[in-house]
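User: I've got a structure open and would like to talk it through. Can you take my questions one at a time?

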Amino acid sequence: MGRLFKFLFYLVVICFLGLAVFAYVGPFFGADFAPQQVERRVPVELDGK
């Protein structure tokens with residue numbers, strides 16, 4: 001049972017490191033993680049009593 005937890009722990013650490021490396025190196029290979037920016041105008045009615 002201890003070996004299973006040890007394996008899962010190592011797997012989580014390796015996945016986290018892989019994700020971090022992909023996040024830093026991805027833009028060099030064409031992966032753009034920035035969200036698309038769109039201007040939105042929403043009319044607001046103020047209740048002037």
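Analyst: Sure, here are some questions and answers on this predicted model.

User: How many helices and strands does the protein chain have?

Analyst: Strands are quickly dealt with, as the count is zero. The C-alpha trace spans about 70 × 35 × 10 Å along its principal axes. For helices, the count in the protein chain is one.

User: What share of the residues counts as buried?

Analyst: To count as buried, a residue needs a relative accessible area under 20%. The protein chain has 49 residues to go through. Of these, the buried share is 2%.

User: And what part of the accessible surface belongs to carbon and sulfur atoms?

Analyst: The protein chain's accessible surface comes to about 5,600 Å². The part belonging to carbon and sulfur atoms is 67%.

User: How far apart are the centres of the positive and negative side chains?

Analyst: There are 5 positive and 4 negative side chains in the protein chain. Take the centre of each set, and the two lie apart by 22 Å.

User: The structure holds two aromatic pairs. Is the one formed by Phe9 and Tyr10 stacked, edge-to-face or tilted?

Analyst: The ring centres of Phe9 and Tyr10 are 6.1 Å apart, with 55 degrees between the planes. Stacked needs under 30 degrees and edge-to-face needs over 60, so what's left is the class in between. That makes the Phe9 and Tyr10 pair tilted.

User: Which of those two counts as exposed, Phe9 or Tyr10?

Analyst: The bar for exposed is over 50% relative accessible area. Tyr10 comes in at 46%, so it counts as partly exposed. At 55%, the exposed one is Phe9.

User: Why are the rings of Phe22 and Phe33 called edge-to-face?

Analyst: Their centres lie 5.4 Å apart, so they pair under the 6.5 Å limit. Edge-to-face takes planes over 60 degrees apart. The Phe22 and Phe33 pair qualifies because its planes are at 70 degrees.

User: Where along the chain do Phe22 and Phe33 sit?

Analyst: The pair links distant parts of the chain, with its members 11 residues apart. Both are partly exposed, Phe22 at 46% and Phe33 at 45%. Phe22 is in helix H1 (residues 2-25), and Phe33 is in the segment after H1.

User: Which residues make the nonpolar surface patch, and how exposed is Leu11?

Analyst: The patch covers about 650 Å² and is made by Met1, Leu4, Phe5, Phe7, Leu8 and Leu11. Leu11 is found in helix H1. A patch residue needs over 30% relative accessible area, and partly exposed Leu11 has 38%.

How values were computed:
Residues numbered from 1 in each chain as written. Predicted model: local features only at pLDDT ≥ 70, side-chain atom pairs only at ≥ 80, totals over all residues. Heavy atoms only, no water. Helix = DSSP H or I, 4+ residues; strand = E, 2+ residues; numbered from the N terminus. Buried < 20%, exposed > 50% of the residue type's maximum accessible area, 1.4 Å probe, protein only. Areas by Shrake-Rupley, 256 points an atom, 1.4 Å probe, with all protein chains shown as cover. Lys, Arg positive; Asp, Glu negative; His and termini not counted. Charge placed at Lys NZ, Arg CZ, Asp CG, Glu CD. Phe/Tyr/Trp six-rings, centres within 6.5 Å; stacked < 30°, edge-to-face > 60°. Patch = residues over 30% accessible without salt bridge, like charges linked within 9 Å, V, L, I, M, F, W, Y side chains within 5 Å. Salt bridge = Lys/Arg side-chain N within 4 Å of Asp/Glu carboxyl O.
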